[in-house]
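Morning, everyone. I have one structure to walk through today. Please bring it up on your screens.

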Amino acid sequence: HESRYASIRTPSSMAEVSLGTQEVRDLTRIERIGAHSHIRGLGLDDALEPRDTSQGMVGQKTARKAAGIVFRMIQEGRIAGRAVLLAGKPGTGKTAIAMGIAQALGEDTPFTTIAASEIYSLEMSTTEALTQAFRRSIGVRIVEETDMIEGEVVEIQVDSDVTGTDKTGRITLCTTEMETVYDLGPQMIESLQKEKVTAGDVITIDKAAGRITKLGRSFTHSRDYDAMGAQTRFVQCPEGELQKRKEVVHVVSLHEIDVINSRQQGFLALFAGDTGEIKSEVREQIDTKVAEWRGEGKATILPG
């Protein structure tokens with residue numbers, strides 16, 4: 001009898017690893033905000049051999065090497081329609097290895113974890129719970145062209161009336177070749193304050209959506225004596241025109257698109273937690289639309 005599941009067993013004891021001074025310094029740079037948020041891959045070299053300490057992984061070399069083979073099979077499309085079973089005692093690294101595979105496939109690769117209590121629930125049927133889990137694991141990378149303003153902030157001026165409620169202002173942006181002043185409304189001022197934009201930052205403004213994104217700090221201000229953290233990112237001052245037409249990439253899951261289109265409150269339903277059951281007609285319409293985007297070259301599928 002040939003099993004359709006590939007089994008990877010993780011020993012109950014983690015391998016002892018001797019860390020050198022340089023390796024300890026590398027580990028201190030990892031920001032850990034969750035149980036597995038520090039994992040960036042399987043910690044393998046190009047020959048799929050496990051390193052002692054790499055990409056947030058330590059020990060479990062045999063299991064990581066086996067996971068590397070599975071990772072290569074996924075890349076080559078040889079494991080479609082099959083599953084991988086990771087067996088081991090609690091705390092031996094099963095979830096970490098699964099997360100490592102997802103991270104190795106790419107940062108945008110969806111990674112979904114579910115518990116039995118989510119499948120067997122009174123709130124929705126088992127079929128619906130599994131369908132939502134599967135669609136959370138299918139990402140859609142959407143590419144669209146939009147008009148952007150990109151430049152380094154020279155100055156921000158904010159004026160308010162006597163009551164302090166009605167705010168207007170101006171922002172001066174520059175590139176290596178030009179400098180322009182733009183008027184600001186209350187919403188744009190609020191967005192600038194939310195992103196904590198100051199003079200010397202390089203930003204982009206989506207003209208259609210009014211969305212402001214801070215790209216980093218200009219290299220010309222790298223020697224300023226302002227308090228800056230270790231995570232401060234420095235970028236070059238943009239060249240050419242301030243207004244450009246650029247491709248913008250959005251990555252969402254099929255489930256997120258389902259929720260946005262099935263509830264009256266739109267994207268706010270994503271934060272409600274209880275999404276409820278989604279009608280099959282909604283999913284069929286979304287699948288048709290995504291297929292159209294793929295045919296037009298506007299979207300690609302990211303299997304999770």
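Let's start with one residue. Thr204 counts as buried, because its relative accessibility is 6%, and the cut-off for buried is under 20%. One caution before I go on: this is a predicted model.

So where does Thr204 sit? It lies in strand 8, which covers residues 201-206. What does Thr204 touch, beyond residues up to four places away in sequence? One group is Met148, Ile149 and Glu150. The other contacts are Arg211, Ile212, Thr213 and Leu215.

Now move along to Ile205. Setting aside neighbours within four places in sequence, Ile205 is in contact with Asp147, Met148 and Ile149. Leu173, Met188, Arg211 and Ile212 are also in contact with Ile205.

Next is Asp206. Is Asp206 buried or exposed? Asp206 has a relative accessible area of 5%, so it is buried. The side chain of Asp206 meets that of Arg211 in a salt bridge, at 3.2 Å from N to O. Arg211 counts as partly exposed, because its relative accessibility is 40%. Remember that Arg211 is also on the contact list of Thr204 and on that of Ile205.

Let's go to the core. The largest nonpolar core has 13 residues. Which of them touch the most other members? They are Val153, Ile171, Leu173, Tyr182, Leu192, Ile203 and Ile205. Several elements give two or more residues to this core. The strands are strand 5 (138-160), strand 6 (167-174), strand 7 (179-184) and strand 8. Helix 6, residues 186-194, does too. There is also a second, separate core of 12 residues. That core includes Leu42, Leu48, Phe71 and Ile101.

Look at strands 6 and 7. They pair in the antiparallel sense, over 6 bridges. A hairpin of 4 residues joins strand 6 to strand 7. Leu173 stands opposite Thr180, which is in strand 7. A general point for reading these strands: in a regular strand, side chains alternate between the two faces of the sheet.

On to charges. How many salt bridges does the structure hold? The number is 16. Take Arg283 and Glu128. Their side chains meet in a salt bridge at 2.8 Å, N to O. This pair links distant parts of the chain, 155 residues apart. Arg283 is in helix 8, residues 280-295, and Glu128 is in helix 5, residues 126-136. Both Arg283 and Glu128 are buried. They also belong to a network of salt bridges that links Glu128, Arg135, Asp258, Arg283 and Asp287.

For another setting, go to Arg78 and Glu76. Their side chains meet in a salt bridge too, at 3.2 Å, N to O. Arg78 has 61% relative accessibility, so it counts as exposed. Glu76 counts as partly exposed, because its relative accessibility is 44%.

Back to helix 5, for the surface. Leu130 has its place in helix 5. It is partly exposed, because its relative accessible area is 32%. Leu130 makes a nonpolar surface patch with Ile114 and Phe134. The area of that patch is about 290 Å².

Now Phe111. Which loop holds Phe111? The loop between helix 3 (94-105) and helix 4 (116-119) holds it. Phe111 counts as partly exposed, because its relative accessibility is 31%. Leaving aside neighbours within four places in sequence, Phe111 is in contact with Thr95, Ala98, Met99 and Ala102. Phe111 and Ile101 are 10 residues apart in sequence. In space they are 9.4 Å apart, C-alpha to C-alpha. Ile101 is the residue I named in the second core.

Let me finish with the whole protein. It has 8 helices and 12 strands. Of its 304 residues, 32% are buried. The protein exposes about 19700 Å². Carbon and sulfur atoms supply 50% of that area. Finally, take contacts between residues at least 6 apart in sequence. Among these, 56% join residues at least 24 apart.

That's my tour. Over to you.

Definitions and conventions:
Residues are numbered from 1 along each chain as its sequence is written. This is a predicted model: local features need pLDDT of at least 70, side-chain atom pairs count only at pLDDT 80 or more; totals for chains, interfaces and linings use all residues. Side-chain values use heavy atoms; hydrogens and water are left out. A salt bridge is a side-chain nitrogen of Lys or Arg within 4 Å of a carboxyl oxygen of Asp or Glu. Buried means under 20% relative accessible area, exposed over 50%, partly exposed in between (1.4 Å probe, protein chains only). Contact means heavy atoms within 4.5 Å. A nonpolar core is a set of buried Ala, Val, Leu, Ile, Met, Phe, Trp, Tyr and Cys residues joined through side-chain atoms within 4.5 Å. Accessible areas come from the Shrake-Rupley method with a 1.4 Å probe; for residues, only the protein chains shown count as cover. Patches are made of residues with over 30% relative accessible area and no salt bridge: like charges are joined within 9 Å, nonpolar side chains (Val, Leu, Ile, Met, Phe, Trp, Tyr) within 5 Å. Two strands pair if DSSP finds at least two bridges between them.
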